[in-house]
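Hello,

Here is the structure I promised to pass on to you. Have a look at it first, and my notes on what turned up follow below.

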Amino acid sequence: MVSNTEEIQLNRLENQVDNGGGGAWDYLCLVRKLKVRRSEKVLKHGLSILNDPKKRSSLGPDEWTLYEQVAIAAMDCQCLDVAKDCIKVLQKRFPESKRVGRLEALLLEAKGFWEEAEKVYSSLLEDNPLDQVIHKRRVAMAKAQGNISGAIEWLNKYLEIFMADHDAWRELAETYVSLQMYKQAAFCYEELILSQPTVPLYHLAYADVLYTLGGLENLQTAKKYYASTIDLTGGKNTRALLGICLCSSAIAQLSKGRNKEDKENPELQSLAATALEKEYKQRAPTKLGLLISTLKSLKV
Amino acid sequence: MGLGFAVGVLGVLILGHAAYSTIQYRGLLKIMEEEFSGPPMNVVLELLLAFLFCIWAALSVPGKFLPINPDSEENRIVSLPDNLDFMIFNHRAKVSLSEIGLKLKH
């Protein structure tokens, strides 16, 4: 999870490194720790360390981690030569390593040699059938070839074995959303909320899915999850605030004709609207008029 | 930090002195053959002072306090990590990135 302080620190370091202020290694460590995908920068700054023999030797055993990181970043940037060279160095140092074998298969993937990559993966799996990363790579390969239903099949098989892997659940949820299979996606997000109840972004995504599904009951649940997102983020999440407004207006429209025995709490929407107006005033004053007219059209 | 540490040391010293005074006072009571009715004023004062100093040092020396609420400004989660295990490579980098000048030199 990337918290606010960590994101600020990351951006500050990136700025500093880009402007030649040093701290490249710290930046690369932070990128690794937060698992963010900034391949271009990693490639550029990682290579500048690797090409400098003095800096490289000062890293000690971390040097090899950096080679791996740069290799993956290079593949992501399609600089396959760099990736090949890095993997060669690693191969020389660790001739029998499974991890390097995985990198080689990754390179085959990046080149688009799917069948060869699949062969390498299945031979690696024979040695260690419970290697989670390789199972995940298979899913990714199916996805890369445009075989989304295949990817879902692999993922479901994988999740039957490794049920606690929330990254995989998230991937499955996002894949279902991309196919507009919202009911299945909602199930995945429920699973995610159960396993990590303090992450507001899962609550938000679940609420989004429920709102998209529609229907009075789903909308009411969605509103509750938007509210819990606000609770967990200290009211700083604009999307959740807007979600509250949208849900309230949709609920009001759906339950117009009926007698309202379970009257909704009208305070929540007006509070959300006030918070939104305050935030827009502070951070984007030029868009404030747009926001106000939108809120008015929602009758919040 | 330095100040807090010095105050802590001072607090411990005062505490030691209070212990020493108490032992002396008990010796004195034995000599004068009086009953023990309560600790003397200066020991009580020293104990209070040492207590305050030690608390202050314990709070200030180890480091500053960090927020623990999940919804505080520092801790609130702004984004999820990119799912790097499922990373795929056939994306727009193929056409848009042309940094061929980069090379690993050995």
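**Salt bridges within chain A**

D76(A) is buried, with a relative accessible area of 5%. Please keep in mind throughout that this is a predicted model. The partner of D76(A) is R37(A), and their side chains form a salt bridge at 2.8 Å, N to O. D76(A) belongs to helix 5 (residues 62–76) of chain A, while R37(A) sits in the loop between helix 2 (24–34) and helix 3, so this pair ties together parts that are 39 residues apart in sequence. R37(A) itself is partly exposed, its relative accessible area being 32%.

A second pair is K41(A) and D18(A), whose side chains meet in a salt bridge of 2.9 Å, N to O. Here K41(A) comes from helix 3 (residues 39–50) of chain A and D18(A) from helix 1 (residues 4–18), so parts that are 23 residues apart in sequence are tied together. Both ends are partly exposed: K41(A) has a relative accessible area of 28%, and D18(A) has one of 29%.

The third pair joins R138(A) to E118(A), with 3.0 Å from N to O. This one links distant parts of the chain, R138(A) being in helix 9 and E118(A) in helix 8 of chain A, 20 residues apart. R138(A) counts as buried because its relative accessibility is 12%, under the 20% cut-off. E118(A), at 27%, counts as partly exposed. Apart from neighbours within four places in sequence, R138(A) is in contact with E118(A), S122(A), L125(A) and W154(A). Over all chains, the count comes to 17 salt bridges.

**Helix 9 of chain A**

Since R138(A) is in helix 9, that helix is worth a look on your screen. Helix 9 covers residues 132–144, and its 13 residues reach 18 Å from the first C-alpha to the last, close to the 18 Å expected. At its start, a side-chain oxygen of D131(A) comes to within 3.2 Å of the backbone nitrogen of V133(A). After the helix comes G146(A), which has a positive phi, near 85°.

How many of the 13 residues of helix 9 are buried? Ten of them are, leaving the helix mostly covered. Among them are I134(A), K136(A), R138(A) and M141(A). The buried residues pack against helix 7 (98–111), helix 8 (114–127), helix 10 (148–161) and helix 11 (166–178) of chain A.

**Where the two chains meet**

K136(A), one of the buried residues of helix 9, also takes us over to chain B. K136(A) forms a salt bridge with D85(B), the closest N and O atoms being 2.9 Å apart. Together with D165(A), these two residues are linked in a network of salt bridges. Across the interface of chain A and chain B there are two salt bridges, along with 17 residue pairs in polar contact.

As for the interface as a whole, 53 residues of chain A are in contact with 30 residues of chain B. The two chains bury about 4,100 Å² between them, with 60% of it on carbon and sulfur atoms.

**What the records add**

An unreviewed UniProt entry gives residues 100–209 of chain A as "domain: EMC2 TPR-like". In the model, that stretch is 82% helix and 0% strand. For chain B, an unreviewed UniProt entry places a "transmembrane region" at residues 42–59. Those residues are 100% helix, and the end C-alpha atoms are 26 Å apart.

Happy browsing, and best wishes!

Conventions:
Residues numbered from 1 in each chain as written. Chains lettered and ligands numbered in written order. Predicted model: local features only at pLDDT ≥ 70, side-chain atom pairs only at ≥ 80, totals over all residues. Heavy atoms only, no water. Helix = DSSP H or I, 4+ residues; strand = E, 2+ residues; numbered from the N terminus. Expected span 1.5 Å × (residues − 1). Buried < 20%, exposed > 50% of the residue type's maximum accessible area, 1.4 Å probe, protein only. Contact = heavy atoms within 4.5 Å. Polar contact = N/O pair within 3.5 Å; in protein donor to acceptor, adjacent residues only side chain to side chain. UniProt positions renumbered as here; feature names shortened; annotations may be inferred. Buried area = accessible area lost by both parts, 1.4 Å probe. Salt bridge = Lys/Arg side-chain N within 4 Å of Asp/Glu carboxyl O.
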